[in-house]
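Student: I have a new model to go through and would like to work from the strands outward. Could you take my questions one at a time?

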Amino acid sequence: MDFFTILLSSLLGILSPTGIVVDRVAETQIRKQLVAAEQLQVRVDNAPSYQIIQGRANLVRIAGRGLFPIQEFRIDTLEAETDPISLQLRSRKLAKPLQAGVRVVLTQADIDRALRSPFVTARLRNLGLQLLRRQARQIERYDFLNPQLTLLPQNRIRFQIELQEQGDPAKLKIVAEAEPQIVSGRSLQLNNLKVWANNQPSPEPVTRAIEALIRDRTDLRQLEASNITARILNLKLESSRLEVASFVQIRNPQKKEAR
């Protein structure tokens, strides 16, 4: 979600009091936030054109294919459309919250590529450390190998990974299957979660701890401390792609009251 808020915030740079914004300028501003983009189009609706000089635009539409916000993480499709944008020119702050609808599609190949990246591997290790806090030092001795996320029929997913202690050829294969569900538009809940370690079912307390950790870590209310409100409107799983529709609102930072 951080990438999308940065991308939307970059739109403020296209509202300039010194000239008329063209779509190419807006596109360039967004490309600066990306490592690479196979296709990117930006359309700014600023009719009548003098609105831009006043720091306003009716809406901005973004359509992209093959976008890389970071190395090895590819977004197959990105579509975003903002509500009217209004900027206070002197302060360069929002005159009202910036709101947008965002649709994202990841293919199975995109997911596979992302799971092989050092960025995602580090995140998986951090999840393991949080789950097994008392055994944190033990987890640090393990390498996380061959992570895979497979989109299954009937709205299910399967995640598997191998853990190998450094210097030991033996591997521990962990497999988990669940039915993802978005709760109140805010967090991810794993219904009917089943976990196996080397084909042995995990104890019920471990399964419940994993469910709670995922639910807490994906709770979008954590963003509100950064003046961002985000909601997942729809999560759609197919055999070869994952589609997410969301709403994002960005507000100006609140002034701290003097004591």
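Student: Which residue in the turn between β9 and β10 has a positive phi?

Tutor: Happy to start there, with a word on the ground rules. This is a predicted model, where local features need pLDDT of at least 70, side-chain atom pairs count only at pLDDT 80 or more, and totals for chains, interfaces and linings use all residues. Residues are numbered from 1 along each chain as its sequence is written, and side-chain values use heavy atoms, with hydrogens and water left out. β9 and β10 make a hairpin with five residues between them, and the turn residue with a positive phi, about 90°, is G167.

Student: How many bridges join β9 to β10, and which residue is the bridge partner of F159?

Tutor: Strands are DSSP runs of E with at least two residues, helices are runs of H or I with at least four, and both are numbered from the N terminus. Two strands pair if DSSP finds at least two bridges between them. β9 and β10 run antiparallel and are joined by eight bridges. Opposite F159, the partner in β10 is A176.

Student: Which residue takes a positive phi in the hairpin of β10 and β11?

Tutor: Strand β10 (residues 171–183) pairs with β11 in the antiparallel sense over nine bridges. Two of the facing pairs are P180 with L190 and V183 with S187. Three residues separate the strands in this hairpin, and the one with a positive phi, near 55°, is S184.

Student: In what order do the strands of the five-stranded sheet come, and which are its edges?

Tutor: Strands of a sheet pair through backbone hydrogen bonds, either parallel or antiparallel. Here the sheet is open and its pairing antiparallel, in the order β8-β9-β10-β11-β12. Pairing on one side only marks the edge strands, β8 (142–152) and β12 (200–201).

Student: What is the strand order of the six-stranded sheet, and what is its average twist?

Tutor: This open sheet is also antiparallel, with the order β1-β3-β4-β7-β14-β13. Its edge strands, each paired on one side only, are β1 (36–45) and β13 (228–237). Angles run from 0 to 180 degrees between N-to-C directions, with axes fitted to C-alpha atoms, for helices over the stretch in contact. From one strand to the next, the twist averages 15°.

Student: Which residue of β4 is the bridge partner of R65?

Tutor: Strand β3 (residues 59–70) and strand β4 (residues 73–82) run antiparallel, joined by seven bridges. Within β4, the partner of R65 is T77.

Student: At what angle to β7 does α4 run?

Tutor: Contact means heavy atoms within 4.5 Å. On the six-stranded sheet, α4 touches β3, β4, β7 and β14 (241–250). Helix α4 (residues 108–115) also lies across β8 and β9 (156–165), at about 170° to β8. With the direction of β7, that of α4 makes an angle of about 90°.

Student: Which residue has a positive phi in the hairpin of β5 and β6?

Tutor: Strand β5 (residues 85–88) pairs antiparallel with strand β2 (residues 56–57) over two bridges, and A57 stands opposite I85. Two bridges also join β5 to strand β6 (residues 93–94), again antiparallel. Four residues lie between β5 and β6 in their hairpin, and the one with a positive phi, near 60°, is R92.

Student: Which element gives the most residues to the lining of the second largest pocket?

Tutor: A pocket is an open set of points on a 1 Å grid over the protein atoms alone, where a 1.4 Å probe fits and protein lies on both sides within 12 Å along at least five of seven lines; lining residues have an atom within 4 Å of a point. Here the lining includes W196, P201 and R208. Two elements give two or more residues, β11 (187–197) and α7 (204–217). The largest share, five residues, comes from β11.

Student: Which element has the lowest mean pLDDT?

Tutor: pLDDT is the predictor's confidence in each residue, from 0 to 100. The chain mean is 84, and 84% of its residues reach 70 or more. Among the elements, strand β7 (residues 98–107) has the highest mean, 95, while the lowest, 58, belongs to helix α6 (residues 136–139).
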